[in-house]
Amino acid sequence: MTVNLSKLYPLQAKLDQDIAKRHHITYQQTFYKRLLALIVELGEFANETRAFKYWSYKKSSPKNVILEEYADGLHFILSLGIYLKTKKMVYTIKEDKKIDLTKAILISYEEAIKLKDHYNQKQYEKAMNAYLNLISYLHYQPSEVIKAYLSKLEVNYSRQINHY
């Protein structure tokens, strides 16, 4: 299964530019904030999947809630790739049958955190690949993720207009 992000990067770049203009900020001023936002959103995604909550009987949140949290993180990881002028647009998504969703989330955290000290194309692609692979563990389709991203993009623009 593959996902093509070529239509999302320009949309994210436009949102990033809008936010930068409204808030009088630069990318350099917000790099660490974007990275932390990705990590926080990854945690919110993990919380909604409940993949790590071995002590609980409660099931994961509904699919639309999980997709919304995933889309939040996708906004930030796309944003991190824009400044690098990433060229890789198509990723192959695959579930590693040797690990579960909890371990896959930890790998995504790990690869994202490495961007703090190794903010380059190679590490970015590893982080993006790990993030995208998460959807395979939930058996979601790339089209569902893209739809969730586009829906959240509208919300994010609305929030800027309404001074969220």
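I take helices as DSSP runs of H or I with at least four residues, numbered from the N terminus. The model I am reading is predicted.

**Entry 1: helix H1**

I began with H1, residues 8-23. I checked its length against the ideal rise. At 1.5 Å a residue, its 16 residues should span 22 Å, and the end C-alpha atoms are 22 Å apart, so the two agree.

Next I listed what H1 hides. Its buried residues are Leu8, Tyr9, Gln12, Ala13, Leu15, Asp16 and Asp18. I then asked which helices these residues pack against. They pack against H2, H3 (63-83), H5 and H6 (142-161).

I also looked just past the end of the helix. His24 follows H1, and its phi is positive, near 55°.

**Entry 2: Arg22**

I stayed in H1 and picked Arg22. Is Arg22 buried, partly exposed or exposed? Its relative accessible area is 38%, and the range for partly exposed runs between 20% and 50%, so Arg22 is partly exposed.

I noted one polar contact here. The side chains of Arg22 and Asp18 are joined at 2.8 Å. Asp18 is also on my list of buried residues of H1.

Setting aside residues up to four places away in sequence, I found Arg22 touching Gln160 and Ile161. I took one long distance as well. Arg22 and Lys147 are 125 residues apart along the chain, and their C-alpha atoms are separated by 26 Å.

**Entry 3: Ser79**

I moved to H3, where Ser79 lies. Its relative accessible area is 1%, under the 20% cut-off, so I log Ser79 as buried.

Which residues does Ser79 contact, leaving aside neighbours within four places in sequence? I found Gln12, Asp16, Tyr27 and Arg34. Gln12 and Asp16 appear among the buried residues of H1.

**Entry 4: the largest pocket**

I turned to the largest pocket, with a volume of about 580 Å³. Its lining has 20 residues, and the closest to the centre are Ile19, Ala37, Phe76, Asn156 and Gln160. I asked which elements give two or more residues to that lining. They are H1, H2, H3 and H6. Gln160 is a name I had already met, as a residue that Arg22 touches.

**Entry 5: helix H4**

H4 covers residues 101-114. It has 14 residues and reaches 20 Å from its first C-alpha to its last, close to the 20 Å expected at 1.5 Å a residue.

I listed its buried residues: Leu101, Ala104, Ile105, Ser108, Glu111 and Ala112. They cover an arc of only 125° around the axis, which puts them on the same side of H4. The general rule is worth a note: an α-helix has 3.6 residues a turn, so residues three or four places apart point the same way.

What covers the buried residues of H4? The cover includes H2 (27-49) and H5 (121-137).

**Entry 6: positive phi in two loops**

Last, I looked up two loop residues. Lys85 sits in the loop between H3 and strand S2 (90-92). Its phi is positive, about 55°, although Lys85 is not a glycine. Lys85 has a relative accessible area of 61%, which is over 50%, so I count it as exposed.

His139 sits in the loop between H5 and H6. Its phi is positive too, about 60°, and His139 is not a glycine. Is His139 buried or exposed? At 57% relative accessibility, His139 counts as exposed.

Technical notes:
Residues are numbered from 1 along each chain as its sequence is written. This is a predicted model: local features need pLDDT of at least 70, side-chain atom pairs count only at pLDDT 80 or more; totals for chains, interfaces and linings use all residues. Side-chain values use heavy atoms; hydrogens and water are left out. Buried means under 20% relative accessible area, exposed over 50%, partly exposed in between (1.4 Å probe, protein chains only). Contact means heavy atoms within 4.5 Å. A polar contact is a pair of N or O atoms within 3.5 Å; within protein, one must be able to donate a hydrogen and the other to accept it, and residues adjacent in sequence count only if both atoms are side-chain atoms. The expected span of a helix is 1.5 Å times one less than its number of residues. The arc is that of the directions from the helix axis to the C-beta atoms. On a 1 Å grid over the protein atoms alone, a cavity is a set of points where a 1.4 Å probe fits but cannot get out, and a pocket is an open set with protein on both sides within 12 Å along at least five of seven lines; lining residues have an atom within 4 Å of a point. Grid points are joined across faces, edges and corners, and a volume is the space filled by probe spheres set on the points.
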